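This report describes how two chains meet and how they are related, and then turns to selected backbone features.

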There are 2 protein chains.
Amino acid sequence: MPTINDIAVKLGVSKSTVSKALNNAADVSETLKKRILETAVEIGYEKNRIRKDSSKKLCILVENMDYENPMGFGYEIVIGFKQLAVPAGWEVDTIHMTEELQKMVSYDMFMLEHKYQGAFIVGFSLIDPWMKDFKSSNKPAVLYDNYIPENPRTAYVGVNNDEGFDMAIAHLKSLGHKTIGYLGGSLESHVTISRYNAYLHSMEKHGFCIDKSLTGCSYFISECTQKYLPVLLKKHVTAILCSHDSLANAVITHCMQLKYNVPDDISIIGFDDAPFSAYTMPGLTTIRQDRNALGRCGYYALSSLLNKTSISSLLLRAEFIERGSTSKVKKIC
Amino acid sequence: MPTINDIAVKLGVSKSTVSKALNNAADVSETLKKRILETAVEIGYEKNRIRKDSSKKLCILVENMDYENPMGFGYEIVIGFKQLAVPAGWEVDTIHMTEELQKMVSYDMFMLEHKYQGAFIVGFSLIDPWMKDFKSSNKPAVLYDNYIPENPRTAYVGVNNDEGFDMAIAHLKSLGHKTIGYLGGSLESHVTISRYNAYLHSMEKHGFCIDKSLTGCSYFISECTQKYLPVLLKKHVTAILCSHDSLANAVITHCMQLKYNVPDDISIIGFDDAPFSAYTMPGLTTIRQDRNALGRCGYYALSSLLNKTSISSLLLRAEFIERGSTSKVKKIC
């Protein structure tokens with residue numbers, strides 16, 4: 001279990017400074033206090049030693065996503081949320097949510113039983129039972145990558161997909177690409193619909209013709225790679241944008257199997273900057289969602305709902321990350 | 001000048017409780033402290049009596065908008081921002097900004113000279129000289145109703161225009177309207193472009209044909225009412241959505257002059273719920289931007305930028321306000 005000494009070593013300050021900061025002493029600067037508290041949360045320093053008010057309880061409900069392993073997509077999201085919530089005096093429980101649990105009890109009842117004042121909902125899909133509850137629930141809920149139109153007690157946080165695709169298509173245009181395809185998840189989730197539309201809008205914005213036959217969408221990665229990828233290759237696309245890094249990674253592998261070199265024959269761009277994306281062969285050019293910042297946005301949105309400010313959506317800036325999977329379009333001889 | 005007594009009377013608590021809360025005493029609950037501080041800000045209790053840190057300075061820069069008069073559109077925006085910022089220890093200056101001042105000094109230099117750590121920018125238009133500065137500025141800036149694509153040190157706050165028009169068109173559809181026109185400001189500002197697109201998208205979403213000949217956009221209200229309104233009336237629109245309440249109010253007056261009764265012959269809907277909109281004849285059905293909440297959103301977004309979380313946009317929920325300017329479509333005999 002991490003100790004005060006671990007925090008002191010990590011920040012290069014004395015143990016007594018850490019101790020004073022955790023006890024909110026007046027002779028430690030606010031900036032240093034903040035860094036010490038953030039580090040305490042980051043390394044998992046036992047939370048009941050950090051001053052808190054037991055009536056202030058929030059939860060992070062995570063589904064379909066690893067958050068306990070540093071390579072998991074949810075890990076930094078959870079840390080980012082806690083780094084703001086814990087120093088503000090909140091006790092935060094992170095709970096692995098399942099469909100079964102949702103079927104047993106309604107969202108509002110679950111929140112009431114556990115005395116949670118608000119929830120950050122991560123990794124839910126449209127088929128989750130509570131997605132219906134959120135339309136009329138009373139307890140504030142902030143949903144990562146899901147949007148509930150009807151209920152002002154809910155808010156949506158995510159990355160600005162339009163900005164992300166704009167940067168990706170501008171990059172491909174600058175490399176001479178003109179025939180740019182899109183492969184993505186099925187159009188049954190909020191985030192895949194948003195990214196598909198972002199691809200279409202951005203192609204139009206950059207002066208390219210919109211050709212829906214250059215797109216393929218499926219829930220199954222294998223259907224994208226085995227059914228749609230060959231179609232796109234026959235249509236001579238020189239670049240493919242993918243809705244997620246895991247799909248982009250599979251597309252790279254299948255291109256190689258079909259004897260297309262990435263990036264010499266075809267450029268591939270992902271989305272998310274998942275922890276593995278720096279280590280694909282070649283490294284994946286992608287659009288980063290800063291996961292720690294997403295977690296912090298989750299807290300900002302939730303604390304605004306708790307303060308009766310009905311945020312509808314809060315979008316984070318996208319960031320373009322250029323690696324080896326994109327290059328200049330090949331001259332046709 | 002407001003005193004501690006004014007705060008006590010307004011909240012129905014004792015003067016000593018107010019005094020204790022302002023001095024952050026331990027025996028006043030956090031909830032009451034918050035209400036007392038918010039009320040102190042609201043009624044303009046002299047700010048240097050509220051505990052603050054002189055190194056923490058923010059500014060609200062307002063242009064083209066009255067913020068000193070309770071009937072002014074900017075009044076509650078400024079109050080909402082301060083109600084969160086002042087209790088958090090910030091000193092907040094509200095400054096009437098002009099084009100001349102912007103031409104004299106760059107945004108970054110202005111911020112540096114006055115030791116402001118961030119700014120909330122209200123009422124700027126695309127022609128303001130600093131709109132170029134914001135593309136590369138270093139000091140965090142949150143812009144109300146303006147979006148800077150390039151710079152992660154800026155964020156955009158506003159109301160969700162799509163939600164607003166969705167509610168308005170659903171309302172008109174439920175009243176039997178089918179031929180719905182749009183009048184709005186010129187397509188040269190971020191907010192008018194966004195509202196024009198929201199009208200088109202929402203018409204399509206509700207199964208209506210998109211007919212751009214039923215729309216008219218101009219910087220001048222008089223051009224909308226004198227040039228475009230007669231065209232729309234000739235095309236037998238039964239309802240008109242307007243991009244702003246001030247335009248909607250002018251449209252009502254001109255309809256009456258042209259012997260069209262509002263709402264019997266034609267329904268009119270505005271946007272904003274400006275302070276005068278409850279008092280037009282008939283009262284204006286409109287889409288509310290909660291101005292106090294917009295101010296608070298401005299503070300949330302700014303504090304997130306100051307904490308190195310690059311928010312791109314933060315949109316507030318829209319709220320539909322039904323008054324007398326809309327009714328069931330008239331049966332054609």
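In what sense, parallel or antiparallel, do β11(A) and strand β11 of chain B pair, and over how many bridges? In this predicted model, β11(A) and β11 of chain B, residues 311-316, pair in the antiparallel sense, and five bridges join them. Within this pairing, A:Ile311 is placed opposite B:Leu316 of β11(B).

**The interface**

The contact between the chains involves 28 residues of chain A and 28 residues of chain B. About 2,000 Å² of area is buried between chain A and chain B, and carbon and sulfur atoms give 45% of that area. Three residues, A:Tyr300, A:Thr309 and A:Arg317, supply 34% of the area that chain A buries against chain B, which is more than any other three residues supply. On the side of chain A that touches chain B, the elements giving two or more residues are β5 (154-159), α12 (291-306) and β11 (311-316). By class, that side of chain A comprises twelve nonpolar, ten polar and six charged residues.

With respect to polar interactions, 30 residue pairs are found in polar contact across the interface of chain A and chain B, both residues of each pair being at pLDDT 80 or more. Zero salt bridges are found across this interface by the rule applied.

**Relation of the two copies**

In general, two copies of a chain are related by a rotation about an axis together with a shift along it. Here, a turn of 180° and a shift of 0.0 Å along the axis lay chain A on chain B with an RMSD of 0.1 Å. The two copies are therefore related as by a two-fold rotation axis. The C-alpha of A:Leu314 is the one in chain A nearest the axis, at 2.2 Å from it. The same surface serves both copies, as 100% of the contact residues of chain A recur in chain B.

**Backbone features**

Most residues other than glycine have a negative phi, and most peptide bonds are trans. Against that background, two cis peptide bonds of chain B are listed below.

| Cis peptide bond | Omega |
|---|---|
| B:Val262 to B:Pro263 | near 10° |
| B:Met281 to B:Pro282 | near -10° |

B:Pro263 belongs to the loop between α11 (245-257) and β9 (267-269) of chain B. B:Pro282 is located in the loop between β9 and β10 (286-288) of chain B.

In chain A, A:Asp145 has a positive phi of about 60°, although this residue is not a glycine. A:Asp145 lies in the loop between β4 (141-144) and β5 of chain A.

Conventions: Residues numbered from 1 in each chain as written. Chains lettered and ligands numbered in written order. Predicted model: local features only at pLDDT ≥ 70, side-chain atom pairs only at ≥ 80, totals over all residues. Heavy atoms only, no water. Contact = heavy atoms within 4.5 Å. Buried area = accessible area lost by both parts, 1.4 Å probe. Salt bridge = Lys/Arg side-chain N within 4 Å of Asp/Glu carboxyl O. Polar contact = N/O pair within 3.5 Å; in protein donor to acceptor, adjacent residues only side chain to side chain. Helix = DSSP H or I, 4+ residues; strand = E, 2+ residues; numbered from the N terminus. Nonpolar A, V, L, I, M, F, W, Y, C, P; charged D, E, K, R; others polar. Pairing = 2+ DSSP bridges. Least-squares fit on C-alpha atoms with pLDDT ≥ 70 in both.
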